[in-house]
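Biologist: Got a minute to walk me through this model? I'd like to start with the overall layout and then get to how the chains meet.

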Amino acid sequence: MSYTSYFYLLFFLGALVILYYLMPLKRRWLVLLGGSYFFYWLASGKLIVFLLITTVSVYLGALAMEREQKAFDSVRKSLEKEERKARKAAMMRRKRHIVLAMVLINVGLLAFLKYYHFFSANVNALGNSLNLGIQLPALKLVMPLGISFYTLSAVGYVIDVYRGQTAADHHFGRLALFLSLFTNITEGPISRYGQLAGQAFEGHRADYRQFTFGAQLILWGLFQKMVLADRAALLVSTVFGSPSDYSGGVVILAMLVYTLQIYADFAGCMDIVRGSGALFGIEITRNFHQPFFSRSIGEFWRRWHMTLGAWFKDYIFYPVTLSKTNMKLGRWAKKHLSPHLGQVMPTAFALFFVWLANGIWHGAAWKYVAYGMYYYVLTLFGLLFKPMIFLFYKKTGIQKDSRPWQFFLILRTFILVNIGMLLFRADSLPVFAGMFVSMFRKTTGHWLELGMDVHDLAVLAAGALLMLVVGILREEGICIRERIASLPIIWRWMIYAGAFCAIVLLGAYGSGYGVVDPLYANF
Amino acid sequence: MNELLSILNKVKPGIDYVNEKHLVSDELIDSLDVMTIVTEICDEFDVEILPTDVVPENFESVEAMQKLIMRLQED
């Protein structure tokens, strides 16, 4: 069920809101849990069993870790120092085994369903070329909806329990709701237990202000998705569908429009789900923070798909950087290479795994590995050349905070991100290479023969401009929803009606437009 | 204190570490800088920093970092 469908907006969401507020306060979570499982079952049918396996496994795993911790805590004070140390080490070892088993079960399921085809195709190709006689069978595998999102939330939960940052949840319903909440299950955001579980479980009273804020966010999300992203899809699929027919300015235009499409699509869906959450008094974590105002690649990834970046930081980057082997590597580099390399080597080593994971999380193909490595190399440059960059500022006297320089940094990041988007959207690595090179050739193809007419292009340009204005206002710290809320009622409702009409009249649906599934729903 | 300041100036020069009290929240240092600082602290002060210690509060100022080091040395 798409978040932009009539069924979701009018029937599912409408019915759930009515049922939620009719239910006694303490039982309202049952409506959300029932609704979320119904939503999932409609989209995935019997594949719901995978969601249940994950939920039951992490529920039991967390409780087992808690039992180990409690058994140790109950005797801790009565033990001598040496005995206490030994018992603690043994308890931590047992907890580590449990958390490892949980990670293996859940990441293993995800890896098998998502990467088996990719893995077997590569192994078979290698086996054939080397005449090894290896042939892995082809399996008919179907990916459950949102498995890449709820698996990360589930793994994050058990690791938090292992680290003692979160207590194990004894209430199976609360944990099941946290992992299945319909707002998050299709495209994220990847929620943390501490941020979502409690507030989703707790009953909320109807609040007019929250309700209108939620409705505004849904409208804005629908505008981005239906008016901009789905319209941009026309041009993008034309050019990327037969890339060899185009070159020069047309390829550059397609790359820019694809960046707009993926942003409006993903951020639009996030606004719809955040708005949906607000109707129930639930604050869904933000996933975007005006990413195209970033001055560096690092900053871009702190503003784009924020919950994914934060997950990789907490559960891959920190533990790998702080691992004993990695620390030894740093010491070795400091002693045998240079103090600067000794300083950056542990971080650079950990970042490799972060970007590799980021790449393959997006899909099972070599181009996604290359996508991750593209950002790894860019980040590595920043790290390795930090002393030179510092010297550059010192010698040239350039004011880092001056407006022209900030604008240059934003533009540079925007260009680098767009190249990454081209790699992300191209069908394969050779296609990407061909398109990249063709950007510097003479233009072939006409901008009015790319699947969009003048009207479509004008709507797209006006919509992109509106997104830019909204972004600038947000960057300036202006809360547009607060401003709208403070307007006289007549103006307020005129804005709502205008937004609604814009979506109905300008939305890219019906004859001449294809149905565009949310781009991030397939991950 | 001096040892810590020398690490910080090596990792990211050009910041007034003595007076700055919001190094992380004011985005003067990012997570990559924090991790480089962490590995240097582990080396210089012979302490073990866990992922759970890597929270913004522990790296907002020199004093906060010093407090963290002292706690870890006592553990």
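**Domains, helices and the chain contact**

Modeller: Sure. Chain A is divided into domain 1 (19-205), domain 2 (206-288 + 428-523) and domain 3 (291-397). Keep in mind that this is a predicted model.

Biologist: How far apart are the centres of domain 2 and domain 3 of chain A?

Modeller: Taken over C-alpha atoms, the centres of domain 2 of chain A and domain 3 of chain A are separated by 30 Å. As for touching, 10 residues of domain 2 of chain A are in contact with 11 residues of domain 3 of chain A.

Biologist: Which elements give two or more residues to the domain 2 side of that contact?

Modeller: Those are α17 (429-438) and α18 (454-475) of chain A. The residues on that side of domain 2 of chain A, facing domain 3 of chain A, split into 4 nonpolar, 4 polar and 2 charged.

Biologist: Back to the whole of chain A. How many helices and strands are there?

Modeller: Chain A has 20 helices and 0 strands. Its radius of gyration is 25 Å, close to the 24 Å that the globule rule gives for 523 residues, so chain A is as compact as a globular protein of that length. The C-alpha atoms of chain A fill a box of roughly 80 × 65 × 60 Å along the principal axes.

Biologist: What share of chain A is buried? And what about contacts between residues far along the sequence?

Modeller: Buried residues are 37% of the 523 in chain A. Looking at contacts in chain A with a separation of 6 or more, 75% come from residues 24 or more positions apart.

Biologist: Which residues touch the most other members of the largest nonpolar core?

Modeller: That core has 140 residues, and V158(A), A200(A) and A232(A) touch the most other members. Leaving out residues up to four places away in sequence, V158(A) touches V58(A), G61(A), A62(A), V99(A) and M102(A).

Biologist: OK, switching to chain B. What's in there?

Modeller: Chain B has 3 helices and 0 strands, running α-α-α from the N terminus on. The radius of gyration of chain B is 11 Å, close to the 11 Å that the globule rule gives for 75 residues, so chain B too is as compact as a globular protein of its length. The C-alpha trace of chain B spans about 30 × 25 × 20 Å along its principal axes, and 32% of its 75 residues count as buried.

Biologist: And the contact between the chains, how many residues are in it?

Modeller: On the chain B side 18 residues are in contact, with 17 residues of chain A. Helix α2 (residues 31-45) of chain B gives the most to the chain B side, with 9 residues. The chain B side as a whole divides into 10 nonpolar, 5 polar and 3 charged residues.

Biologist: What about helix α1 of chain B, which residues are buried there?

Modeller: In α1 (residues 2-11) of chain B, the buried ones are I7(B), L8(B) and V11(B). Down the axis of α1(B), these fall within an arc of 95°, so they line one face of the helix.

Biologist: What do the buried residues of α1(B) pack against?

Modeller: They pack against α13 (339-362) of chain A together with α2 of chain B.

Biologist: Which exposed residues sit on the face turned away?

Modeller: N2(B), S6(B) and N9(B) are the exposed residues on the face of α1(B) turned away from its buried side.

Methods
Residues numbered from 1 in each chain as written. Chains lettered and ligands numbered in written order. Predicted model: local features only at pLDDT ≥ 70, side-chain atom pairs only at ≥ 80, totals over all residues. Contact = placed C-beta atoms within 7 Å. Helix = DSSP H or I, 4+ residues; strand = E, 2+ residues; numbered from the N terminus. Nonpolar A, V, L, I, M, F, W, Y, C, P; charged D, E, K, R; others polar. Rg over C-alpha atoms; globule rule 2.2 N^0.38 Å. Buried ≥ 20, exposed ≤ 12 C-beta atoms within 10 Å, placed from the backbone. Domains from an automatic or database assignment. Arc of directions from axis to C-beta. Core = buried A, V, L, I, M, F, W, Y, C linked by C-beta atoms within 7 Å.
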